[in-house]
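Student: I'd like to go through some of the labels people put on a model like this one. Can we take them one at a time?

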Amino acid sequence: GNGIEIKDANTKFTNYGNIRIGNLASISNTCTYVHSGGQFENKPGGNMELNNTNLYHGIGIAGTNTVFSNAGILKIGNTNKINFFGLAVENWSTFNNLAGAVVEIDSVASYDGLVITGNSIFNNLGHLKVGNNNSMGWRCLNMGSGGQLNNLSTGVIELNRTKNNWNAIELYNTGTQLINQGLIKIGNVAPILLSCIAMFSESQFENSSIGVLEMNNTVNGHGIHTRDLNTKFDNFGIVKMGFNRKIHDIGILMESGSKFNNYANATIEIDSIKNRDGIRCTSASTVFENAGTIKIGKTYPISVHGITLSSAGCVFNNQTTGIMEVNRCWNGLNVIGAANFNNSGSIKIGNLAALQSDGIRLAGSGLSAFTNQISGVVEIDNVPNFFAVDPGSGTIVSNYGTFKIGINSQVFHGIGTSFGTAGSFNNYGSLEFKNILNNGIHSNQTLHNNPGATLSVPAAGKLQIAN
């Protein structure tokens, strides 16, 4: 049976003292099971320790009008393992972790620390810690089937120690949503075996204007992984990753028609990517919209490229208010496979530290394109080994705005490619060259300077056109 079972409307359990379940012997099913409209309140000063289940959960709540409210301290799995889920919020139930309250979930043997599913709601105004002391069997947080987590302005969530190659957070299904207005830290204490956040099948994550999301320390995966059509991540606040411990593979990986929106006044900072790119977008209909600020490689290096777009129909739009800075990587922007990058804002590449290869590289089959719109400003500096812009065969760079190469620090070559025939560079706006060590326009490159366009070399600048 269960340690405590509360069921039916108008049935309520209130705790002001100490409750220990499973401290002397194991519990067959669930330590505390509240369902069918039952109510449980752990008041300020109330302390609960739930351990040692043979079959199921530390706490399970289920059913319409079923509510568990915690204003005290709740520890699950702190001395002995919970078998199934640490805390399961299911089937239209509600869990409230109130301001000043603490929920700690550790030592879950088989599955997840916290599960929110079946149109249930978890409201967090206090402190939620999952895996800070001992590991989960699978995920720290698993949400599906319309489950919702609201981390409110006073809320702090810490997620650590997944096992068996699982993600810290997984979101599934239409209507499933995590809204963060507080602080979420992932991997701040111990490693995440796969990705910090993985999103599937039209689920949504919203980081509000006052929300802060910090991600570090993945062993195999990514910071954020949006995986399916119409899965959407909206950032209005601050997202930071890799500033404390490395992200193993990719900072933000987008696939299969998923969407990512970084809104005006929002900030994304990506550092310390061990194996691959800061941002990578793949698959047709995958779209990244940036109206805020993105800084990649600001403090620590990115192993390969700052941003890669790798598939036909994949689009990255830097809007008029968008500000992007890319440093400490191989190629700053890597646009391949008939993908499209559109800039109407500001892009600075190499403004803080050198790149190992090209500033902007276009390659692959089809017509990969980079378009700098009339309001767009692109500045490329600090490219000591290769090209500021490398348009490979069949690709197109179009400038309708302002494009500056080597204005602030030296680049090796301006425009051209090391790989056979170069693509097209069409200038309809302003194109400026300055600190060019070798060729401003390489021998295999054709530059179309169209009527009304300006090509200039500022004082003390250099533009050499190779024979």
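**Labels and the values behind them**

Tutor: Sure, and keep in mind that this is a predicted model. Let's start at the surface: I374, Y400 and Y428 make a nonpolar patch of about 330 Å².

Student: What makes Y428 partly exposed?

Tutor: Its relative accessibility is 35%. Buried means under 20% and exposed means over 50%, with partly exposed in between, so Y428 gets the middle label at 35%. As for its place in the fold, Y428 is in the loop between β47 (424-427) and β48 (430-433).

Student: Why does S107 count as buried?

Tutor: Same kind of check. The cut-off for buried is under 20%, and S107 has 11% relative accessibility, so it counts as buried. You'll find S107 in the loop between β12 (102-105) and β13 (114-117). Its phi is also worth a look: near 50°, a positive value in a residue other than glycine.

Student: Which label does N382 get, buried or partly exposed?

Tutor: Partly exposed, with a relative accessible area of 23%. The buried label needs a value under 20%, so at 23% N382 doesn't get it. N382 also has a positive phi, near 60°, and again this isn't a glycine. N382 lies in the loop between β42 (377-380) and β43.

Student: How do you know that T454 is partly exposed?

Tutor: From its relative accessible area, which is 40%. Exposed would take over 50%, so T454 at 40% stays partly exposed. T454 belongs to strand β50 (residues 454-456). Leaving aside neighbours within four places in sequence, T454 is in contact with N427, G429, S430, L431 and N449.

Student: What separates T454 from K240?

Tutor: Along the chain, 214 residues; in space, 39 Å between their C-alpha atoms.

Student: Let's go inside. Which residues have the most contacts in the largest nonpolar core?

Tutor: I186 and I197, in a core of 97 residues. Strand β43 (residues 383-391) gives the largest share of this core, 3 residues. In soluble globular proteins, nonpolar side chains tend to be buried together.

Student: What is I197 in contact with, leaving aside its neighbours within four places in sequence?

Tutor: I169, I186, F205, L213, M215, G223, I224, H225 and F233. Contact here takes heavy atoms within 4.5 Å, so each residue on that list meets this cut-off with I197.

Technical notes. Residues numbered from 1 in each chain as written. Predicted model: local features only at pLDDT ≥ 70, side-chain atom pairs only at ≥ 80, totals over all residues. Heavy atoms only, no water. Patch = residues over 30% accessible without salt bridge, like charges linked within 9 Å, V, L, I, M, F, W, Y side chains within 5 Å. Areas by Shrake-Rupley, 256 points an atom, 1.4 Å probe, with all protein chains shown as cover. Salt bridge = Lys/Arg side-chain N within 4 Å of Asp/Glu carboxyl O. Helix = DSSP H or I, 4+ residues; strand = E, 2+ residues; numbered from the N terminus. Buried < 20%, exposed > 50% of the residue type's maximum accessible area, 1.4 Å probe, protein only. Core = buried A, V, L, I, M, F, W, Y, C linked by side-chain atoms within 4.5 Å.
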